[in-house]
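Student: I should like to discuss how the descriptive terms applied to a model are justified. Could we take one example and go through its terms in turn?

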Amino acid sequence: MKKELTGKTAWVTGASRGIGRAIALAFAQHGARVIMCARTKEALFSTLEEARKISNENHIILGYDVGNVSQSDKVFRELCKEIKHLDVLVNNAGILDDALTGMITQQQISDTLGTNTEAVIRHVQYATRLMRKAHKGCIVNISSIVGKQGNIGQIVYAASKAAVIGITLSAAKELAPFGIRVNAIAPGFINTDLTKNLSSHIYQERLKSIKMGRIGEPEDVADVALFLASSLSRYVTGQVIGVDGGMQI
């Protein structure tokens, strides 16, 4: 099997579980040195152990809250001492806190936008500082079908993920002259810890809305992230790719 990311260094946020874990392991399998982050290093031990089974690269784990400005800035300064270059950034870390109109709190707004939107902007800036030196790089932002179509009870989440699409389109235009590609993935109904907590009724309703008739797996998203991170997509930038099986909300 050809390894698409041999010699590359990739930074994946929210890599302890679900989509982020699948992306980190796919990148490791294809030869990348992976920088994995989550709120705590302990949460990443399982992903790191699996990555080490896949490859002998010197993978790195970072424990910090992407929504915390001071923590993020500190981690980036320390990371710059550890790595010489960065080829790929995947902004995957995110939170979901549903509430109907009239029940949304200011704390929900601040927390959701801080993690899902502001952190993406911050990490795009971190990455470009390293990528511009080499005049190449790839950024993949994880949005959501909710950011494209909206959903009941998810005004704040939809706003945060729609903003990720706007960030992607703007950054792609700005960074293309520096050889940096920026794209987004908008997953649909994916088999993660969030979906496992749904009631049987809601789960079945979600399945009925998917034309392909099955829930998506984290690996379905990871394969698209791998494509976007590799040279196979060398002329692709400013795109939002839905990974949703034809789902309609």
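The dialogue below sets terms used for this predicted model against their criteria.

Student: What makes the protein agree with a compact globule?

Tutor: With 249 residues, a compact globule would have a radius of gyration near 18 Å, and the protein has 17 Å; the term is therefore in agreement with the value. Along its principal axes, the C-alpha trace spans about 50 × 40 × 40 Å.

Student: Why is strand β2 called mostly covered?

Tutor: A residue is called buried if its relative accessible area is under 20%. In β2 (residues 33–38), six of six residues are buried, so the strand is described as mostly covered. Both faces take part: Arg 33, Ile 35 and Cys 37 are buried on one side, and Val 34, Met 36 and Ala 38 on the other.

Student: How do you know that β1 and β2 are paired?

Tutor: Pairing requires at least two bridges between the strands. Five bridges join β1 (residues 9–13) to β2, so the criterion is met, and the two strands run parallel. One of the partnerships is that of Thr 9 with Arg 33 in β2.

Student: What joins β2 to β3?

Tutor: Four bridges join β2 to β3 (residues 60–63), again in parallel, and the requirement of at least two is therefore satisfied. Cys 37 stands opposite Leu 62 in β3.

Student: Which way does the crossover from β2 to β3 turn, and through which helix does the chain pass?

Tutor: The chain passes through helix α2 (residues 45–54), and the crossover is right-handed. The term applies because, with the strands pointing away from the viewer, the path over the helix runs clockwise. β1, helix α1 (residues 18–29) and β2 also make a right-handed β-α-β unit.

Note on methods
Residues are numbered from 1 along each chain as its sequence is written. This is a predicted model: local features need pLDDT of at least 70, side-chain atom pairs count only at pLDDT 80 or more; totals for chains, interfaces and linings use all residues. Side-chain values use heavy atoms; hydrogens and water are left out. Buried means under 20% relative accessible area, exposed over 50%, partly exposed in between (1.4 Å probe, protein chains only). The radius of gyration is taken over C-alpha atoms; the globule rule is 2.2 Å times the number of residues to the power 0.38.
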